[in-house]
Amino acid sequence: MLGTSKSIFRRLLFSFLATVLLGLGISGLLIAFFAREYIYDSKEEEMLRMAKKVNVAIHDSNKVNKALLDKLAMLDEAFDTRIWLFNEQGKIVATSMKDEVFTGKSVAVSIADNVLKGKNAVTELQIEGLEDPMLSVSVPWGEGEKVYGGIILHAPIEGIERTFAQMRETILWATLFGVLLSTAMVSYLSWSISRPLRTIERTAAEIGRGNYTERVRVDTSDEISDLAQTINTMAEKLEKVEQERYHLEQVRSDFLANVSHELRTPLTAMQGFLEALQDGLVEDEEARQKYYAVMYTETMQVNRLVDDLMDLMKLENNEVNLAKFPVDVADVMNKVAFSFRAEAEEKGLTIKVETEDGLPKIYADRDRVAQILKNFVKNAVKFTEHGEIRLTAAAEEPYVRIQVSDTGIGISQDDLNRIWERFFKVDRGRSKNNKGTGLGLAIVKELVELHDGKWSVESELGQGSTFTVWLPTVGAYRQSG
């Protein structure tokens, strides 16, 4: 991750520096260019105005005398600029400063020609005897067609160049400051990006090692936070998948153990009885018949286990096709109650069926509904020693609510959520006389789901249990269809 951090830092640094240097460089060049032009233009216009004012003051004088020189000296002080006069031949004939040594020198022929023709001239001159270049403007000296020569105003451009130098220095310092600020900002941005990325990397590595409980915790609210949330969501899904895998593995292990146990018990009993009969140890016919009866019972137990397993496998693989028709719930409940009444009476139990008047028909597979009720009633008879078993039905649109209640041993709260699992038995360790495959309620759950219904259970230890299913009515099916 350190390499990534350095890479991010370099890219951000180069990007910021390029932006700052390019931006300030272009801005500085444009500012310097336009400022130079503006300053030069302003200075030229100002000097041209002053030159014209000088001409207004001396246009009636065509001879160099003391009065003219005094006027030039006065205008020099007023305008703070040097003033020269040259004649028609281009010779300098007067200056505003008495000690200047340029009298008698010649100006450029091109300047003199333009001025004598009545034109203004602006130029940057290198005058003989002066080290620094001068900004000069020239205007005709005279009035109308009477041109005696020209008036030159000149000022050193040293001050202008100094201004430009200061501007360039300012731009240079601004660029340096921008570079330092960019470096600081890049360092902070790189740190703010790399720190949560390192956290994400460590968490991803933990998740990769199988620690699906690990989560990314970042305190940002940007795309990195979205990435962290995505990784957390992935970790949650992986954790659920791992839990489901573990649960399925546990269910598979329990399934194999339970099937082995359920098959071993009757097979062991039948093996023992067959060996006894085969060895001639049972000579009495009555005893042999008892052995046969026990063996038949154990065979039926194995047969029920196989049937339940086949039913559950078909249900879970969606291989069961329901033959749905309008079904009278009360009729099915009465027939199921009748089939268990004899067994219940042997234990001193009563079975009651209660249905409300005008109960709507359900849209279901009649045989499968009977199978659901038989599983409930069979468990109620098995785990109830005294009292009664009640089968009730009532309309709760768009369903019919069917309940099977008993006054039996009840189910603990810890077992309530597990009774729908395959091979789970709530009476294990409490009663060895009650035999069963432990698949009945798992089959009920699958059948109810196949009917688009719901199920629930309420129970307390020693207070009995109430199993409830809701199956859709014919009217609800027609509306949804």
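Biologist: Hi! How many bridges join strand 11 to strand 12?

Modeller: Seven, and the two strands run antiparallel. Keep in mind that this is a predicted model. Strand 12 covers residues 464–472.

Biologist: What lies between strand 11 and strand 12?

Modeller: Three residues, and the two strands form a hairpin. In the turn sits glycine 462, which has a positive phi of about 80°.

Biologist: Nice. Which residue in strand 12 stands opposite serine 459?

Modeller: Another serine, serine 465. You can also look for lysine 454, whose bridge partner in strand 12 is tryptophan 470.

Biologist: Which way does strand 10 run relative to strand 12, parallel or antiparallel?

Modeller: Antiparallel, with seven bridges joining strand 10 to strand 12. As an example, glutamine 403 has threonine 468 of strand 12 as its bridge partner.

Biologist: OK, zooming out. What is the strand order in the sheet?

Modeller: The order is 7-9-10-12-11, so to speak reading across five strands of an open sheet with mixed pairing.

Biologist: And which strands stand at the edges?

Modeller: Strand 7 (350–355) and strand 11 (454–460). Each has a single partner strand, so one side of each is left without a neighbour in the sheet. From one strand to the next, the twist averages 15°.

Biologist: Which strands does helix 8 touch?

Modeller: Helix 8, residues 366–382, packs on the sheet and touches strand 7, strand 9 (388–396), strand 10 (399–406) and strand 12. The direction of helix 8 makes about 20° with that of strand 10.

Biologist: Where does helix 10 lie?

Modeller: Across strand 11 and strand 12. Helix 10 spans residues 440–450 and runs at about 145° to strand 11.

Biologist: Back to strand 12 for a second. How many of its residues are buried?

Modeller: Nine of its nine. Gly464, Thr466, Thr468, Trp470 and Pro472 point one way, while Ser465, Phe467, Val469 and Leu471 point the other way. In a regular strand, side chains alternate between the two faces of the sheet.

Biologist: New topic: the backbone. Is the peptide bond from glutamate 397 to proline 398 cis or trans?

Modeller: That bond is cis, with omega near 5°. Proline 398 is in the loop between strand 9 and strand 10. Most peptide bonds are trans.

Biologist: What about aspartate 452: is its phi positive or negative?

Modeller: Positive, about 60°, although aspartate 452 is not a glycine. Most residues other than glycine have a negative phi. Look for aspartate 452 in the loop between helix 10 and strand 11.

Biologist: Is aspartate 452 buried or exposed?

Modeller: Exposed, because its relative accessible area is 54% and the cut-off for exposed is over 50%.

Technical notes
Residues are numbered from 1 along each chain as its sequence is written. This is a predicted model: local features need pLDDT of at least 70, side-chain atom pairs count only at pLDDT 80 or more; totals for chains, interfaces and linings use all residues. Side-chain values use heavy atoms; hydrogens and water are left out. Two strands pair if DSSP finds at least two bridges between them. Helices (H or I, at least four residues) and strands (E, at least two) are DSSP runs, numbered from the N terminus. Axes are lines fitted to C-alpha atoms, for helices over the stretch in contact, and angles run from 0 to 180 degrees between N-to-C directions. Contact means heavy atoms within 4.5 Å. Buried means under 20% relative accessible area, exposed over 50%, partly exposed in between (1.4 Å probe, protein chains only).
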